[in-house]
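Look at the sequence and the model below before reading on. The text then walks through the structure one part at a time.

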Amino acid sequence: MIAAARASAAPSLASRTGRDYLSYTQVTTYQRCPLKWQFEYLDKRSHERVGASLAFGSAVHAALETHFRALLAGCSTPSPDELLVAFQQAWQAEVARPVQYAQGETVQSLHELAGRLLATFAASPHAIPDGEILGVEEELRRQVIPGLPDVLARIDLIVRTDDALVLRDFKTARSRWSAANQAESASQLLLYREVARPLAEEFGDLPIRLEFVVLTKTKRPAVDTHSVEFDPHALGRTQRVLARVWQAMQAGHVYPNPSAMNCATCPFPQACRAWRG
Ligand code: SF4
């Protein structure tokens with residue numbers, strides 16, 4: 001475990017959410033639908049269902065975590081079959097709730113896809129990172145905006161190379177990422193960079209490199225890297241957005257924000273219909 005980025009004092013919403021920090025996921029959940037945020041973070045409702053795509057992504061993530069934890073521990077590199085077992089175990093936990101499949105999807109088709117995806121990953125240069133693995137699913141937290149709670153960053157993989165501290169986040173996607181996909185997600189890694197700065201200082205102020213690694217769920221899966229360049233203007237905008245979202249949360253601005261994209265896989269459809277404000 002990395003001993004960096006200590007906790008700071010937490011403002012009031014903590015008592016209602018039970019969290020004395022903000023996460024990127026919590027903020028984007030609020031931005032997409034404040035009512036969903038309330039169900040998830042304030043009411044802590046059980047999920048009524050889970051989208052197969054979300055369960056698949058979480059299970060792939062668990063398999064990658066198994067892979068990198070083995071490397072971190074100095075064990076032999078897991079085989080694609082071992083990764084698939086890790087996937088299947090995580091999948092079973094994910095689908096304890098009713099699963100919502102997209103057209104043409106079945107358990108069988110998703111498990112076959114996972115096999116191809118994990119084999120492609122295992123054969124890619126990403127399977128054996130160039131450098132020393134410092135952390136896997138490492139949680140760092142730091143106050144990056146005065147007056148706001150700490151931001152908690154759960155970083156999939158932290159690697160130290162000769163010339164950089166690399167923060168890597170793994171995504172699964174239906175198709176290869178476009179420049180727009182990357183731009184939309186960049187704020188996540190820019191925030192993580194701020195949280196991880198004390199860690200970079202511990203290693204002689206190493207430059208921080210930010211990377212998304214995207215595993216595409218296409219018939220022939222691909223593993224692509226998307227580097228995010230540090231942009232102070234983009235970071236400033238992200239911080240201002242965070243401050244506004246925090247204000248809105250604090251003020252109790254909660255309302256449904258229905259859309260095909262938001263609602264199709266929302267885990268709370270019945271609670272939403274029953275909501276009376
Ligand atoms: S169903 Fe749609 S509007 Fe309702 S809480 Fe979920 S995302 Fe929000």
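What follows goes from the domains to a loop, a helix and the surroundings of the ligand.

The model shown here is predicted. The domain assignment divides the chain into domain 1, made of 1-10 + 17-42 + 131-249, and domain 2, which is 47-128. Between the C-alpha centres of domain 1 and domain 2 the distance is 22 Å. To the contact between them, domain 1 contributes 12 residues and domain 2 contributes 17 residues.

Which elements give two or more residues to the side of domain 1 that touches domain 2? They are four strands: S4 (132-142), S6 (165-173), S7 (208-216) and S8 (222-228). Strand S4 gives the most, with three residues. By class, this side of domain 1 has nine nonpolar residues, one polar residue and two charged residues.

Strand S4 also helps to locate Asp130, which sits in the loop between helix H6 (107-122) and S4. Is Asp130 buried or exposed? A residue counts as exposed if 12 or fewer other C-beta atoms lie within 10 Å of its own. Asp130 has 10 other C-beta atoms within 10 Å, so Asp130 is exposed. A second residue gives a sense of distance: Tyr30 is 100 residues from Asp130 in sequence, and the two are 37 Å apart in space, C-alpha to C-alpha.

Now turn to helix H3, residues 34-42. Seven of the nine residues of H3 are buried, so this helix is largely enclosed by the rest of the structure. The buried ones are Leu35, Lys36, Trp37, Gln38, Phe39, Glu40 and Tyr41. What covers these buried residues? The cover includes three other helices, namely H1 (14-17), H2 (24-32) and H10 (269-274). After H3 comes Lys44, and the phi of Lys44 is positive, near 50°.

Helix H3 appears again at the ligand. The elements that give two or more residues to the shell around the ligand are H3, helix H9 (260-263) and H10. Leu35 and Lys36, which are among the buried residues of H3, are also among the residues around the ligand. The others in this shell are Cys33, Pro256, Asn257, Pro258, Asn262, Cys263, Cys266, Phe268, Pro269 and Cys272. Sorted by class, the shell has nine nonpolar residues, two polar residues and one charged residue. Helix H10 thus has two roles in this account: H10 is part of what covers the buried residues of H3, and H10 gives two or more residues to the shell around the ligand.

Technical notes:
Residues numbered from 1 in each chain as written. Predicted model: local features only at pLDDT ≥ 70, side-chain atom pairs only at ≥ 80, totals over all residues. Domains from an automatic or database assignment. Contact = placed C-beta atoms within 7 Å. Nonpolar A, V, L, I, M, F, W, Y, C, P; charged D, E, K, R; others polar. Buried ≥ 20, exposed ≤ 12 C-beta atoms within 10 Å, placed from the backbone. Near = placed C-beta within 6 Å.
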